[in-house]
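Please follow the structure below from the overall fold of one chain, through a single residue and the nonpolar cores, to the place where two chains meet.

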Amino acid sequence: MKIKAPRKYVIDNLKYALNPASIAVVGASRYDGKVGYKVIEGLNKYGYKGKIYPVNPRAEKVHGLKAYKTVKDIPDEVDLVFIAVPAHLVKMILEHSVAKKAKIVVIATSAFKEIGRGKLQNELTQYCRDNKLPLIGPNLVGMGSPFLNFNCGFIPYLPVKGHVAMISQSGANLLAALGTSQMLNFGMSFFVGLGNKADVDFSEFIMYAANDEHTKCISVYSEGIDSPEAFVQACNNVVAKKPVVTIKVGGSKIGNKAAFAHTASENTNTDDAYYDKLYEKAGAIRAETWEEFLDISLALGLQPPLKDDNVVMITNGGGSGLLSCDHFERKGMPMRELSEISLILSLKIRAYMPMFGSPLNPVDISGTATPKNYKGAISQAVCDPNVSGIYGSICPTSVTDVAAVTDVYIEMYNKYKHLGKPFVMECQGGQECFDSIIKLRKNGIPAYSTAEQAVNAIVALRKYGKIKEKF
Amino acid sequence: MEKKSQLDYSLGSEDQLAWKKKYFFDPRGIGFLEPGIVGLDDATMSAYNVAKSSYQIHPEVFNMEYLSKATKLDKKDIIKRMKRMYNEHLIMYVMNPATQVYGYGLYYWFVKLKEGTSETEKAELAQWFQNKDDICTGYKCKDGDFDFYNGNHMRVLDNLLSTVITPCKDNPCVEFVHICPIRRDIRESHVNMWDSTSETFRDNIWGTGQLEKLAKMQKLLDLNDLKIFKALNDKKPVKDMFDFKVLHQISGLDENDMLNGFKSLVEEKRIIVPLFHLNFPKLGLTEKMFVIKMFQTTPSYRKAEIVDDLVAIPEFNMVKEFSDAFYDAVCFAYNEISDIDALRKKISSYAEVEEIKESNVDWMFRRWVCRLDEKNGFWEECVFTDDFLEDRTDKNSPLYCTIAGKEDKK
């Protein structure tokens with residue numbers, strides 16, 4: 001249901017969604033294949049230290065814990081009520097939650113507006129609003145935070161620690177992001193599935209994320225923004241401090257219908273151009289594909305904004321340089337020649353390449369480049385006052401010590417990060433390059449396996465630089 | 001063409017059964033109407049689902065007006081008693097789904113253990129059945145011809161053989177397993193099912209004085225409790241079954257939609273029979289199980305007639321007819337509150353009956369898919385393990401039910 005602006009009582013209570021002192025799990029099951037079992041299993045497995053109250057009128061105990069017939073029967077205070085029962089019981093449980101004075105409810109249950117029960121969903125939402133009880137969902141997968149050891153939902157694992165707050169309407173894509181996090185060291189501060197977002201809105205989680213100490217980039221996956229004013233207001237409030245990255249799906253003709261069937265997202269009278277304008281007004285950075293969404297979120301979570309277009313690419317592979325040049329131009333940010341950025345740098349950098357190297361931009365220090373060559377070229381470039389960002393590339397020739405070059409980049413990054421110049425890396429190749437990417441990411445450098453991904457990240461850093469100037 | 005028996009045991013209208021006329025013999029002896037398939041979370045199931053999920057704390061989902069009139073008890077008293085009966089695990093609200101859809105069979109099977117099998121070994125096997133989620137209903141027996149009597153919903157016979165029957169047969173303690181496909185599901189838990197004669201469908205049958213005897217023989221339920229229990233199961237229109245206002249208050253769903261949906265399933269399609277199950281072993285009751293074998297020369301219609309005769313005996317709280325099996329029918333009656341000798345004599349009075357086997361049921365594992373296993377903390381845990389789309393003979397199949405076989409790993 002629409003809101004005009006982010007609501008204070010909701011934002012204030014969102015801390016109970018991610019860091020509750022006590023949780024009632026309604027629908028807690030004794031069977032390990034059922035959602036209600038997985039919720040408690042996840043909480044225990046990942047080290048949740050608060051109190052867990054299983055609610056199941058049929059059971060005496062669940063997971064060795066005393067089970068209660070209703071939320072109202074729990075003797076202590078309840079911060080979060082997690083609901084994993086069929087839709088036909090949700091109304092009663094919300095009433096019990098209000099009676100219990102719970103701080104927030106999360107409804108994992110499906111079968112509301114997305115199957116035509118819009119009236120029921122709206123009635124339940126209004127009931128929660130009337131009672132100042134924020135409702136997250138329904139139709140969601142859960143939420144969690146690796147910093148808080150909190151995994152609440154039917155979620156197989158936590159992401160690695162990092163700085164991206166992932167706010168997603170889709171549970172499946174949220175889980176995909178968590179998988180990527182594990183596989184590719186995509187660090188997150190917290191994550192939340194919003195599902196049908198009947199009550200708690202994107203805007204309110206954006207406001208929450210703005211004040212979250214671990215969050216440096218707020219990433220929003222949406223299938224429809226039905227409270228645009230609130231979204232714009234929230235983004236306008238936060239983008240000077242933290243970037244907001246968005247992806248909007250369901251824009252195609254059939255995708256529009258699928259978005260309704262999935263998360264009851266209504267996109268009446270909207271199209272891609274509408275969302276372009278909306279995001280521009282909000283100061284949010286829009287990604288077109290899922291890969292781009294993750295790539296630029298990673299970069300914005302790790303690196304400072306790029307203050308101008310003066311990026312120097314240092315590579316030992318001319319091909320990756322060319323791929324990058326073309327993609328920079330496609331993205332509307334053509335690379336500048338090194339001599340235009342800094343004439344003196346173009347002369348100095350010669351010292352770190354063989355005679356057949358190229359001091360243009362990309363700076364091709366050649367396939368025979370040693371770690372020493374890299375170190376010299378990087379340090380020379382990063383120290384040049386006209387250079388605003390470093391784009392590194394490693395091509396694994398038979399003489400390239402990929403691991404050593406990776407260490408050089410990390411060393412240089414750590415040595416010069418006080419200058420506030422972003423480092424982005426591209427490492428295209430086999431296992432050694434994959435290992436390099438993971439190591440770079442673990443050390444705070446966004447690294448990718450293709451030139452286009454890296455360029456997208458740099459372009460996003462530049463966009464955020466412009467947004468910061470505007471807001 | 002030979003004239004059929006005066007009684008037509010087929011289900012469905014003449015038009016619906018016109019296809020049978022192509023054949024001299026009706027296929028399988030009895031033609032049947034496929035009632036269709038309804039998902040358990042289908043909107044038409046809402047009334048049942050709301051009641052099933054909330055009666056534990058809100059017994060008033062049932063029609064208290066009706067119950068109060070039927071029992072002459074105060075509504076508050078009824079609610080209090082129902083809560084107590086539930087909390088003490090004496091009653092459970094369940095439903096029997098029709099399974100006579102072609103390719104979706106209902107199979108029961110008798111197990112006999114070898115002589116000399118110890119009580120410990122029998123208990124281990126009982127535990128295996130208890131935890132076997134493929135099994136929707138199961139009974140432990142003693143003092144007789146069988147040691148277990150279990151039932152499965154299965155679409156594919158090989159799935160049944162692979163996951164349940166074969167492992168059971170392979171147990172060194174097992175003498176034999178006899179499979180009995182259900183031809184007619186006539187009465188269960190005192191209530192007549194869809195294969196009873198049409199007008200008696202959903203009749204709730206108890207023998208004269210049985211409730212009074214039961215009230216006297218134990219202390220957990222008094223006669224008023226039993227009157228409530230009986231009234232809950234007594235046949236009535238779906239509209240009188242629940243308090244639809246309460247169902248609406250709990251769920252927010254439309255009263256009329258819930259009524260019409262469930263009415264269509266129970267009264268029109270006859271797919272579902274909702275009812276309360278009595279946890280009879282906890283009350284000290286045991287069931288006498290008569291397993292009836294008729295001569296193979298007995299024609300199908302005559303078998304059906306005999307079984308219908310037996311169904312008319314109200315002391316039989318369960319009656320099923322089998323096909324393609326060693327046995328033709330099974331009837332249950334409580335030992336403690338029935339005249340067992342008279343029942344045995346009645347069954348024996350048919351010239352077609354070749355043999356009666358007997359056992360006493362002293363424990364029940366599940367009532368349909370709901371576990372009755374309060375000892376292990378699984379009271380009313382419902383696990384539906386239909387083999388839809390599964391090849392359970394292929395243990396590496398990605399579609400293999402994740403639940404089936406779990407108990408083997410423990």
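Chain A of this predicted model is built from 18 helices and 19 strands. Along its principal axes, the C-alpha trace of chain A spans about 80 × 50 × 35 Å. For 471 residues, a compact globule would be expected to have a radius of gyration near 23 Å, and the 24 Å found for chain A agrees with that expectation. Of these 471 residues, 61% count as buried, while the surface that chain A exposes comes to about 17,900 Å², with carbon and sulfur atoms supplying 53% of it. Looking at how the chain folds back on itself, one finds that, among contacts in chain A between residues at least 6 apart in sequence, 75% join residues at least 24 apart.

Within this chain, Lys197(A) deserves a careful look. Where does Lys197(A) lie in chain A? Its place is the loop between β11 (188-193) and α7 (202-210). Is Lys197(A) buried or exposed? Its relative accessible area is 2%, under the 20% that serves as the limit, and therefore Lys197(A) counts as buried. The side chain of Lys197(A) is joined to that of Asp226(A) by a polar contact of 3.1 Å. Leaving aside residues up to four places away in sequence, Lys197(A) touches Met1(A), Gly137(A), Gln169(A), Phe202(A) and Gly224(A), as well as Asp226(A) itself.

The nonpolar interior comes next. In soluble globular proteins, nonpolar side chains tend to be buried together. Here the largest nonpolar core has 110 residues, and those with the most contacts inside it are Phe62(B), Tyr149(B) and Phe262(B). Taking Phe62(B) as a point of entry, and again not counting residues up to four places away in sequence, the reader will find that it touches a set of residues including Ala51(B), Tyr55(B), Leu67(B), Met82(B) and Tyr93(B), with Leu232(B), Met241(B), Phe242(B), Asp243(B) and Phe276(B) also in the set. A second, separate core of 101 residues includes Ala108(A), Phe190(A), Leu194(A) and Val238(A).

Finally, the two chains can be considered together. At their interface, 19 residues of chain A are in contact with 29 residues of chain B. The size of an interface is often given as the accessible area lost when the parts come together. By that reckoning chain A and chain B bury about 2,100 Å² between them, of which 52% is on carbon and sulfur atoms. On the side of chain A, Tyr31(A), Arg58(A) and His88(A) supply 38% of the area that this chain buries against chain B, more than any other three residues.

How values were computed. Residues are numbered from 1 along each chain as its sequence is written. Chains are lettered from A and ligands numbered from 1 in the order in which they are written. This is a predicted model: local features need pLDDT of at least 70, side-chain atom pairs count only at pLDDT 80 or more; totals for chains, interfaces and linings use all residues. Side-chain values use heavy atoms; hydrogens and water are left out. A nonpolar core is a set of buried Ala, Val, Leu, Ile, Met, Phe, Trp, Tyr and Cys residues joined through side-chain atoms within 4.5 Å. Buried means under 20% relative accessible area, exposed over 50%, partly exposed in between (1.4 Å probe, protein chains only). Contact means heavy atoms within 4.5 Å. Helices (H or I, at least four residues) and strands (E, at least two) are DSSP runs, numbered from the N terminus. A polar contact is a pair of N or O atoms within 3.5 Å; within protein, one must be able to donate a hydrogen and the other to accept it, and residues adjacent in sequence count only if both atoms are side-chain atoms. The radius of gyration is taken over C-alpha atoms; the globule rule is 2.2 Å times the number of residues to the power 0.38. Accessible areas come from the Shrake-Rupley method with a 1.4 Å probe; for residues, only the protein chains shown count as cover. Buried area is the accessible area (1.4 Å probe) that two parts lose on being put together, summed over both.
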